[in-house]
Amino acid sequence: MQTEHEQKIKSLLSQMTLEEKIGQLRQCGPSLVGAFEVSFEELLDMMFDGRISKEEFDRLMGTAKQDFREDDLKAGKIGSYNGIGDAATVNRLQKIAVEETRLGIPLLFGYDVIHGFRTVTPIPLGESCAWEPQLWEKTGRIAAKEATAAGIHMTFAPMADVAKDARWGRVSEGAGEDVLLNGMYGAAKVRGFQGDSLANDDAMAACVKHFAAYGAAEAGRDYNRVDLSMQRLYEEYLPAYKSCIEAGARAVMPAFNDINGVPCTANQWLLMDLLRGKWGFDGVTVSDANAIAECVSHGIAADQKEAAKLALCAGVDIDMTSDTYTACLKELVESKELPEEVLDRAVSDVLRLKLELGLFDHPYQTDEEREKQAMQKPEYRALAREAAVKSMVLLKNKKQDSKAQEQALLPLAVGTKLGIFGAVADKRGEMTGAWAIGAEENDCVSIVDACKSRGISYQLGNEDTVQEVAAGSDVLLAVLGERKDESGEAASRADISLPAAQITLLKKLLETGRPVAVVLFNGRPLAIPFAAERADAILEAWHPGIEAGNAVLDILFGEACPTGKLTVTFPSATGQCPMYYAHINTGRPGGKSKFTSKYLDAPTEPVYPFGYGLSYTEYAYSDIQAQRTGDAYEIRVKVKNCGDRDGEEIVQCYVQDVAAKRVRPVKQLKAFEKVPLKAGEEKEVRFQVQIQELGYYDWDMHYIVEPGEFVFYAGGNSRDCLHVSVTYKP
């Protein structure tokens, strides 16, 4: 089949005009015309800047018309679209491409299917807290089934950006701060999106993003510079993308940022030498939106013509929405400034993906009936609910009784009367989080909706009715955190603490003397020291998707036992960012002494560490051992469920290289396992850590594993672990 594909590509290239070749590299989004005198992008800015209201924006959008540039399409000047997600439009445009263009080359349709299409599952940061690759793959699979039914061939996901700074809004789109988890999460999504074969009509190509190190943007500010040592890039950021490539991802999106002064969009070392050369990637590269044109803003190119040449030579195949290739490549090739074989290489990549997707043989892969039948099947919603439950993390569960003894507040007893406070408690549309563009508000279940459907007694209150509602309630529910537009792209924050109004509300609820449980909806770690100290219980729900309300009540009322564990660190103050578990020690590690690495006005420890999460039962660890077995170490630890309820514990294994030629992290996650344990049951959990995994890159960028002492840790989070030392000798 591969030989047939290459023969087909060669044949098409021999027939294509220069304009038709360039057209294959052009990806358009539908433009909006007829309703306003400014561009769609300017209209968005006007809404976000407060110059027009959301209602006025919606009114203008409702009267706008979409322009799909059909004249350019008929002339063979468009190879793909993004942002089109309905079968009727896809098939109409595909019909033009196949039946009205000279060569009949089918179109490729891309879409941001980040965490579900219509059946929206938890944001990736939330879902990563399930620590369950099988779940991640399953949710990717249902996303692909729905999206392909709507005519989508490629998703701009997964995001494999390791993100250690909670100020960065796009931390919501990945699996948190750890490189191992990001790689495993991304690989699982690739398998889910692409299925058994790309040629199947329910498979879509995965486009891994943002290559590379976008999560390391300076100060957590979106689109900012990235300046890393090569060792840190190779050890802490690149492996997650490589895992996705090894899982078979057929597309890669270069990042907006530069790496050490060279924008990824024009970075030949990154895209050609590393990605295609050393890693052997032979798929398609797609620029991020307008990124090629923005090489001029970066200052790496004097004008769009130079930007087009730099990007194509660096290995960027498809130009997303900037039209830089369309405007400049013809002149560059005709003037011999750009060899035509460089253009042909990029066109071949695009044609190859279309062949792999089966578009030449079956260009119309769906229809409106299939689209209608595919959405939100009962089993899809059931999986969305399961994913939401497993994503939620119980951060605190203690209250004071009349004798000043700590007791658990949760789970709540049947018949508990709730007083519910918070702006998003009854807002269905806020449940999905960022990049849930295929969802509809009425798809979602809010906390209030779930209370109504279950017959749970509740009152919905506000700051003015705290005393009145509290008087008729057994437990007060404070629904706090972020709106969905406060995280995601272009949503970096200089302050990640709870807003003053939410703290004021929480204080008023606590003053009533009623037990207070906090439910957090958010797309990033938050600095919540006051809530952590004073609230009786805290459930981190993230933005959990369309089954949000049902999943929250499943946990609050004990129908499900919480199992989630954090994949990000929760600092006590914004000024501690970036704060992450796998840091290195300085010569003066933070401690009680003044002359140590710390802040005068903040604790040295986070509020909640990486890997942390409570349950409705308790687990005890004992008897950790490590033994070398050939080219690996086997780490064994016993875990016991000490409570009276069945549960699942996520057992984590870390390692530390005690002394090396380069300073090493205090801990690095190497393995984990979700272990089911019945009440009173004890199991021995075993991990295999390959000796090759204990190495690092030295000053000369050679990967080495040194002899010496290593410490293995096992426990329920990165802080509370048992440990055992070994001495490695080659």
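Lys209 is a buried residue, with just 2% relative accessible area (buried means under 20% relative accessible area, exposed over 50%, and partly exposed in between, with a 1.4 Å probe and protein chains only). The side chain of Lys209 meets that of Glu173 in a salt bridge, at 4.0 Å from N to O, and Glu173 is buried too, at 2%. This is a predicted model: local features need pLDDT of at least 70, side-chain atom pairs count only at pLDDT 80 or more, and totals for chains, interfaces and linings use all residues. Residues are numbered from 1 along each chain as its sequence is written, and side-chain values use heavy atoms, with hydrogens and water left out.

**Salt bridges**

- The count comes to 54 salt bridges, where a salt bridge is a side-chain nitrogen of Lys or Arg within 4 Å of a carboxyl oxygen of Asp or Glu.
- Side chains of opposite charge can pair when their charged atoms come close.
- Back to the opening pair, Lys209 and Glu173: Lys209 sits in strand S7 (residues 205-211), while Glu173 sits in the loop between strand S6 (154-155) and helix H9 (179-194), so the pair links distant parts of the chain, 36 residues apart. Helices (H or I, at least four residues) and strands (E, at least two) are DSSP runs, numbered from the N terminus.
- Asp72 and Arg26 form a salt bridge as well, and their closest N and O atoms are 2.9 Å apart.
- That pair also links distant parts of the chain, 46 residues apart, with Asp72 in helix H5 (residues 70-74) and Arg26 in strand S1 (residues 26-28).
- Asp72 is partly exposed at 25% relative accessibility, whereas Arg26 is buried at 5%.
- Arg493 and Glu482 meet through their side chains in a salt bridge at 2.6 Å, N to O.
- Both Arg493 and Glu482 lie in the loop between strand S18 (475-481) and helix H20 (500-511), so their bridge ties together parts that are eleven residues apart in sequence.
- Arg493 counts as buried at 19% relative accessibility, and Glu482 is buried at 3%.
- Glu6, Arg276, Asp317, Asp349 and Arg352 are joined into one network by salt bridges that share partners.

**The sheet around S7**

- Eight strands make up an open sheet with parallel pairing, in the order S11-S8-S7-S6-S5-S4-S1-S12. Two strands pair if DSSP finds at least two bridges between them.
- At the edges are strand S11 (284-285) and strand S12 (319-320), and each pairs on one side only.
- S7, the strand that holds Lys209, pairs with strand S8 (residues 251-254) in the parallel sense over three bridges.
- Val208 stands opposite Val252 in S8.
- Helix H11 (residues 268-278) lies across S7, S8 and S11, running at about 130° to S7. Contact means heavy atoms within 4.5 Å; axes are lines fitted to C-alpha atoms, for helices over the stretch in contact, and angles run from 0 to 180 degrees between N-to-C directions.

**Cysteines**

- A disulfide is a covalent bond between the sulfur atoms of two cysteines. Here it is taken as a pair of cysteine sulfur atoms within 2.5 Å, and the count comes to zero disulfides.
- Cys207 has its closest cysteine sulfur in Cys244, 11 Å away, which is too far for a bond. Cys207 is buried, at 0%.
- Cys444 is in no disulfide either, as the nearest cysteine sulfur, that of Cys451, is 16 Å away. Cys444 counts as buried, at 4% relative accessibility.
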